[in-house]
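Subject: Structure handover

Hello,

Here is the structure we spoke about. Please open it alongside these notes, which go through the findings in turn.

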There are 2 protein chains.
Amino acid sequence: MTDLQIFETAGETELKILDAAKKIFSIKGYDGARMQEIANEAKINKAALHYYFRSKDKLFELIFKFCFKKIYNNLGEIIEKDMPLKDKIKFMTENYIDFISKNQYLIPFIMTELAKNPDRFVKVIKESDVKFKSENFINQIKKEAKAGNIKEIDPFQLFMNIISMCVFPFPAKPMLCAILGISELKYKKMMEERKKIIADFIMDSLINPVHRE
Amino acid sequence: MTDLQIFETAGETELKILDAAKKIFSIKGYDGARMQEIANEAKINKAALHYYFRSKDKLFELIFKFCFKKIYNNLGEIIEKDMPLKDKIKFMTENYIDFISKNQYLIPFIMTELAKNPDRFVKVIKESDVKFKSENFINQIKKEAKAGNIKEIDPFQLFMNIISMCVFPFPAKPMLCAILGISELKYKKMMEERKKIIADFIMDSLINPVHRE
DNA sequence: GTCTATAATTTGATAGAC
DNA sequence: GTCTATCAAATTATAGAC
C-alpha cells in the first residue's frame with residue numbers, strides 16, 4: 001500500500017502522517033500545503049502532527065528526501081542494468097513511463113521545489129549520499145559508437161533525450177491539453193501508445209546509416 | 001525592456017507593478033509570492049498594489065493569462081510557418097530553445113500553476129480565446145509520410161517529442177544537475193550544444209530507411 | 001495617487017487537561 | 001499519546017490622512 005517502509009522506526013500513526021504529508025506536499029508544494037490539511041488527510045489532530053514531527057519544515061524535509069531518493073534510485077537501477085543497448089533503451093523508456101504513470105506528482109514536485117529553492121537542498125542531496133553510476137551507460141554508448149553500431153553522439157545528450165521524451169509529457173499534461181485542445185482521455189491513450197513507440201524513435205535515429213556515409 | 005505592452009491602457013506605475021508581479025509570481029508561484037515582495041520589487045507602497053489591482057488573486061490572474069498567451073502564441077507562430085519539414089524542425093528546435101532560454105521561469109511557472117489548479121484556469125484559457133492552428137503542421141507530416149519522404153508517425157507524438165526534448169531540460173535543470181552531478185556551467189554548455197544537434201537527432205529518426213524496407 | 005497605520009484573517013506552533 | 005483551546009507571527013486587505 002504505502003511505499004514509506006524506509007522509515008523503519010516509524011509507528012502506525014507516524015506512517016499515516018507521512019503518507020498524508022507525501023500526498024499533500026507533492027500535490028500542493030511546500031508553500032501551498034497546510035498542516036491542517038495534512039492532519040485531516042491523516043485523520044489525526046493537528047497538535048499530534050507537531051508532537052511527532054515538530055515543524056512543517058522538518059516534516060517537509062523528510063518527504064522531500066524520500067521522494068528525491070525514490071526518483072534517483074529508480075533511475076539508477078534502470079541505467080545500471082547489464083544488457084545490450086537496444087534492449088536497454090526499450091527497457092528504460094517502458095520502465096520509466098510506467099514509473100511516472102504510477103507516481104504522477106513525484107517529478108513535478110521535486111522539479112518545482114528544487115527550482116524554487118536550489119541551495120536549500122544542496123545539503124539534503126549531499127546527506128542522501130547518492131552517487132549516480134552512469135559510467136556503465138556512458139561507456140556502453142561510446143563503445144557501440146566506436147564499433148559503428150550506432151552513430152556518434154554525446155551520451156549525456158542521448159540520456160537527456162530519452163528522459164525528456166519519457167518524463168515531460170506528464171508534468172506538462174495540463175498545459176499541453178490546454179494548448180493542443182486535447183481531452184484528458186485522448187491524452188491518456190496517447191501516453192499508452194507512447195510507451196510502445198519511443199524506443200523505436202530513438203533507435204531509428206541512432207542506427208541511421210545516412211550518418212555513417 | 002518589458003514585454004507587457006499588451007496592457008495598453010496601463011500607466012507607468014501599473015506597468016512597474018505588472019513587471020514586478022510577473023517576476024515574483026513566476027519565480028515563487030502563487031502560494032510562495034508575497035504582496036510585500038512585489039511592492040518592494042516595484043519600488044512602490046504595498047497599499048498602492050491593492051489600489052491598482054484590488055487583490056492578489058486578480059493580479060495573479062492577469063499575470064498568468066499573459067504568460068500563458070505568451071507561450072501559446074510563440075508556439076503558434078512557429079508551427080504555422082510555411083516551410084519544408086526539415087527546415088521547419090530545425091527552425092522549431094532552435095527558436096524554441098532560444099525562447100525558453102530567454103524566459104527561464106515561464107514554462108515551469110505555467111506548468112506548475114496549471115497542474116496545481118487545473119480547473120481554476122479552464123475559464124482563463126477559454127477567455128484567452130486561443131485556438132491552436134496545428135492543421136498546417138499535422139497535414140505536412142502526413143503528406144511527407146505518404147510521399148515516403150519520412151517514416152509513418154503520429155504527428156502529435158512527433159510534436160510531443162520535439163517539444164519535450166527542447167523544453168524539459170530547462171525546468172529540470174536543478175534536478176538533472178543534482179542527479180547527474182553536473183555543474184551549472186557544464187549544463188549551460190550542453191544546452192548550447194543541444195540547440196545544434198536536436199534537429200538532426202529528430203530528422204535521422206524520421207528519414208531512417210530501415211523502416212521503409 | 002501615495003503613504004502610514006491598522007484591521008481581519010490565516011496558519012504554524014504550543015500549553016495544558018485528560 | 002491525543003485532544004481542545006489558544007497564542008504568536010505572518011500576510012492580505014483597507015481606512016483615512018495628506
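A polar side-chain atom of Asn45(B) lies 3.2 Å from a phosphate oxygen of DNA strand C. Please keep in mind that this is a predicted model. From chain A, the backbone takes part in similar pairs: a backbone N or O atom of Met35(A) is 3.0 Å from a phosphate oxygen of the strand, and a polar backbone atom of Ala33(A) is 3.5 Å from a phosphate oxygen of DNA strand C.

Asn45(B) is also among the residues that come nearest to DNA strand C, together with Tyr52(B), Arg34(A), Lys46(A) and Lys56(A), out of 14 residues around the strand. By class, the residues of this surface are 6 nonpolar, 4 polar and 4 charged. Helix α3 (46-53) of chain A and α3 (46-53) of chain B each supply at least two of the residues there. On the DNA side, 62% of the strand C atoms within 4 Å of the protein belong to sugar or phosphate, and the rest to bases.

The other item is a helix pair in chain A. The axes of α9 (residues 155-167) and α11 (residues 184-206) of chain A come within 11 Å and cross at roughly 160°. The two helices are therefore roughly antiparallel, since angles over 145 degrees count as such. The crossing of α9(A) with α11(A) is right-handed. In the contact, α9(A) brings Leu158(A), Ile162(A) and Met165(A), which meet Arg194(A), Ile198(A), Phe201(A), Ile202(A) and Leu206(A) of α11(A). This contact has 7 nonpolar residues, 1 charged residue and no polar ones.

Regards

Notes. Residues numbered from 1 in each chain as written. Chains lettered and ligands numbered in written order. Predicted model: local features only at pLDDT ≥ 70, side-chain atom pairs only at ≥ 80, totals over all residues. Heavy atoms only, no water. Near = heavy atom within 4 Å. Polar contact = N/O pair within 3.5 Å; in protein donor to acceptor, adjacent residues only side chain to side chain. Helix = DSSP H or I, 4+ residues; strand = E, 2+ residues; numbered from the N terminus. Nonpolar A, V, L, I, M, F, W, Y, C, P; charged D, E, K, R; others polar. Axes fitted to C-alpha atoms, helices over the stretch in contact; angles between N-to-C directions. Parallel < 35°, antiparallel > 145°, perpendicular 65-115°, else oblique. Left-handed = near helix turned anticlockwise from the far one by under 90°. Contact = heavy atoms within 4.5 Å.
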